[in-house]
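Here is a friendly walk through one protein model, with a few strands, helices and charged pairs to look up as you read. Keep the viewer open beside the text.

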Amino acid sequence: MDDYNKFTGNIKLKTGIDLSLYKEGQMKRRLTSLRDKRGFSNFDNYFQAVAEDQLLFEEFLQRMTINVSEFFRNPQRWKVLEEKIIPRLLAKSPKIKVWSAACSTGEEPYSLMMLLHNYRNYPQINLLATDLDEAVLARAKAGFYTERALKEVENERLEKYFSKEDLGYRVGKELKQAVSFKKHNLLSDSFDTNYDLIVCRNVMIYFTEQAKDELYKKFSRALKPGGVLFVGSTEQIFQANRYGLEAEDTFFYKKISDI
């Protein structure tokens with residue numbers, strides 16, 4: 001076994017992150033470049049350093065994926081979701097159906113589940129999290145995160161929903177099992193329906209105007225009447241009424257009619 005394969009095995013053992021799910025040639029070149037930049041001649045020495053130095057570990061995670069996320073990203077918007085949107089939705093039904101679309105490495109759906117669990121038990125929450133990238137979905141399922149990703153998580157929630165490990169924190173078993181992860185292509189796959197809440201943030205900026213138009217139509221059709229689409233902080237929907245939506249709060253759009 002060469003030292004790179006030993007490195008990937010050690011990373012998986014330590015964090016649950018499976019580097020073999022990424023294209024090996026591309027990932028190996030990316031990490032070799034980072035290793036050399038930091039002055040290590042082999043992956044054995046580099047792993048020892050990464051395992052002991054939080055900053056090196058953070059840098060390693062950032063280099064292995066372009067997906068940058070954190071729990072409760074843009075916390076003021078999550079406060080609106082927690083205090084205004086969710087209570088209204090739950091007042092209509094004892095159960096809630098939620099979709100975290102393009103969920104990346106899982107911070108978003110786990111954030112959602114923590115908020116919802118304040119109001120409902122896990123069996124009353126149907127939360128689907130999807131992404132096109134199988135590798136990031138595998139990381140989401142592993143549920144391992146660094147302190148940096150958790151900086152907006154209150155201590156009470158950190159203690160309740162996570163366990164501390166050497167290099168970071170692991171999502172607790174109950175929270176992890178309450179979220180269903182699935183591969184899904186927003187542009188080509190069909191959408192389920194009757195959602196109370198759809199969260200799709202910081203993804204639409206990568207699509208053409210034509211693709212955005214089609215996706216907003218599909219999201220609207222996937223919502224129940226009165227259901228809500230929560231978008232990113234750079235993704236305000238202009239002429240929301242074209243999609244049967246109206247602004248309920250900044251970056252929250254309520255379905256008011258079929259299209």
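## Charged pairs, strands and a helix contact

At 24% relative accessibility, E165 counts as partly exposed. Please keep in mind that this is a predicted model. The side chain of E165 meets that of R170 in a salt bridge, with 3.1 Å from N to O. R170 itself counts as buried, because its relative accessibility is 14%, and the cut-off for buried is under 20%.

R170 also leads us into a sheet. F144 stands opposite R170, which belongs to β5. Strand β5 covers residues 169-171 and pairs with β3 in the antiparallel sense over two bridges. The sheet is open and has three strands in the order β3-β5-β4, with antiparallel pairing. β3 (144-145) and β4 (162-164) are at the edges with a single partner strand each, so one side of each has no neighbour in the sheet.

### More salt bridges

A search of the whole structure finds 21 salt bridges. Side chains of opposite charge can pair when their charged atoms come close. Three of these pairs are set out here, with the accessibility of each partner.

| Salt bridge | N to O distance | Acidic partner | Basic partner |
|---|---|---|---|
| R170 and E165 | 3.1 Å | E165, 24%, partly exposed | R170, 14%, buried |
| E209 and K212 | 3.3 Å | E209, 59%, exposed | K212, 18%, buried |
| K255 and D258 | 3.3 Å | D258, 63%, exposed | K255, 7%, buried |

Salt bridges with shared partners also join E70, K151 and E152 into one network.

Where do E209 and K212 lie? Both are in helix α10 (residues 209-222), three residues apart, which is about one turn of the helix. Within this pair, E209 counts as exposed at 59% relative accessibility, whereas K212 counts as buried at 18%.

### A hairpin

K255 counts as buried, with a relative accessibility of 7%, while its salt-bridge partner D258 counts as exposed at 63%. Strand β10 spans residues 252-255 and pairs with strand β9 (residues 245-249) in the antiparallel sense, over four bridges. Together β9 and β10 form a hairpin with two residues between them. F251, in the turn, has a positive phi of about 75 degrees. D249 stands opposite F252 in β10.

Is E248, in strand β9, buried or exposed? E248 counts as buried, at 17% relative accessibility. Leaving aside residues up to four places away in sequence, E248 touches K84, I85, R88, V228, Y253 and K254.

### Two helices in contact

Two packed helices are described by the angle between their axes and the distance between the axes. For helix α3 (residues 43-52) and helix α4 (residues 54-64), the axes come within 5 Å and cross at roughly 110 degrees. α3 and α4 are therefore roughly perpendicular to each other, since angles of 65 to 115 degrees fall in that class.

Which residues make this contact? From α3 come Y46, A49, V50 and E52, and these meet Q54, L56, F57 and F60 in α4. By type, the residues of the contact are six nonpolar, one polar and one charged.

Technical notes
Residues numbered from 1 in each chain as written. Predicted model: local features only at pLDDT ≥ 70, side-chain atom pairs only at ≥ 80, totals over all residues. Heavy atoms only, no water. Pairing = 2+ DSSP bridges. Axes fitted to C-alpha atoms, helices over the stretch in contact; angles between N-to-C directions. Parallel < 35°, antiparallel > 145°, perpendicular 65-115°, else oblique. Contact = heavy atoms within 4.5 Å. Nonpolar A, V, L, I, M, F, W, Y, C, P; charged D, E, K, R; others polar. Salt bridge = Lys/Arg side-chain N within 4 Å of Asp/Glu carboxyl O. Buried < 20%, exposed > 50% of the residue type's maximum accessible area, 1.4 Å probe, protein only.
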